[in-house]
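Visitor: I would like to look at this model with you, and to learn how its parts are arranged.

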Amino acid sequence: MTDPHYSLFPDHDSLTAAQHALTERLGVSRRLMPSRDVVPAGPSGEWLRELRNMRFDRPRELAGLTEWVIDGLETGTVQVTHPGYLGLFNPAPTFASECADRIASAFNPQVCVHSHAPAAVEIELHVIREVARKAGMPDGSGGHFTSGGSEANLTAMLCALQAACPAYGDDGVCAFARPPHVYVSEESHLAWLKIAHAGGIGRNAVRLIQTDGRGRMDPDALAETIATDISSGRMPVMIAATAGTTNAGMVDPLTRCGELAREHGMWFHVDAAWGGALIASDTGGALKGIERADSITIDAHKWFATTMGAGMFLTSRPDVAAQAFRVDASYMPRSVAAKDFFVNSIQWSRRFVGLRLFLALAAAGWRGYAGHTERAIRLADRLARRLQRDGWSLANDSPMAVACLVPPEGHEAVRSYVDSVHRDGRFWVSTAVFEGRTVLRACITNGRTSERDVDALVHTLKAVAPSIWSTQAESDLSVSEPHRTDLD
């Protein structure tokens, strides 16, 4: 019978052997991943019965348990690391970030306070400063890592409220003489509604601004709404522009949004949760104006391809965050707001997540990430061009690696195409609504997706309705099978 204590804390030799065995098993899973369906059948009935019967009333061998868990993940999870996954923002993580997770697990530092983990905290602070610098923010900018974009955006809203009314930190919304309001696009990530509820201002305080017909916030409508709210006795406190909408990768007019925020004394935030990776290579100026932001959200676990979840809150006004989250506890060391995350962020105990982006950036450099984003954009463009040859239309004109496509039969046929792709099993795309119309959405953030994968997806879509494909287009299209190795 397994010794329960030994199972939790094995000796060095046993631990090392188990680590090697796990590495080999994960290597097999990684090697076979491209040959599996992106959407597997799901965990077997037997697997689910074993789960329900696991009452934790007796110890079990760890080796068998890890094998059982991996089997379940291989058959019961959408394989987001698969090169055919062209879905949301869950890319195959960089190997450097996987290494970071192992290192962080082994040392398990508590990064909420500098004095307890100075090396880890300094690494995170350095990454934040360098990312802020690359985004064009001024010297002295700061911030911290978060659990993801929602926490980073919530942090921005709380800072906006704090900046608008210094008494907010102590008295909450009661400190405001007028109801505070925030302004986002209709195409923004609607976590803003949850954020407003959590922050105590209520969902109705979120003003959803209409778009310009191309997926971007209409600055004239924004200006008009702000003026109307002021005349109606409301208090505008924040404009949150989106740099990379979830559905279509569109970028709000950042410069104009920043100007309106300054004009009315508002906090200017840019939600660049996935599009922010373009700071590595923004030769086209897609993110022009982001440097004017009071704060920025970027998720390292999206297009920067670290493991989940590693968001970033960047701010040119770190003193406001220190005011918003200040706290004093007798059991904590004396705090320094600039370096102790428990007094300048929502979280307290926290994992050393910043190591993931540090190792990846240090290993590849900004040039490596520039190549990563540019490659993804080329692949998305390739997909759009090849489908356009055969009667499809491109609904969005994003500078990012996402294509919103409409088949020749029109928007109503999108669902049948997506369902057929999922039945095929080798790819995952999704439906989305862009400017009120249903589109097929394909987003490429996986660094292992290749031209052969894109061409094979085109071939799969072609097979859904072969009568709509011209013989000329077919002769122009050279199709290869998707690659079956993760070494491509």
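**A sheet and its helices**

Guide: An open sheet of 4 strands (E runs of at least two residues in DSSP, numbered from the N terminus) has antiparallel pairing and the order β8-β9-β11-β10. This is a predicted model, in which local features need pLDDT of at least 70 and side-chain atom pairs pLDDT 80 or more, while totals for chains, interfaces and linings use all residues. Residues are numbered from 1 along each chain as its sequence is written, and side-chain values use heavy atoms, without hydrogens and water.

Visitor: Which strands stand at the edges of the sheet?

Guide: Strands pair if DSSP finds at least two bridges between them. Each edge strand has a single partner, so one side of it is left without a neighbour in the sheet, and these strands are β8 (393-394) and β10 (430-434).

Visitor: Which residue in β9 stands opposite S393?

Guide: β8 and β9 (residues 402-406) pair in the antiparallel sense over 2 bridges. In β9, the residue opposite S393 is V406.

Visitor: At roughly what angle do the axes of α14 and α15 cross?

Guide: Helices are H or I runs of at least four residues, and their axes are lines fitted to C-alpha atoms over the stretch in contact (heavy atoms within 4.5 Å), with angles from 0 to 180 degrees between N-to-C directions. The axes of α14 (residues 414-424) and α15 (residues 451-464) come within 10 Å, and they cross at roughly 120°. That makes α14 oblique to α15, a word for angles that are not under 35, over 145 or from 65 to 115 degrees; the value asked for is roughly 120°.
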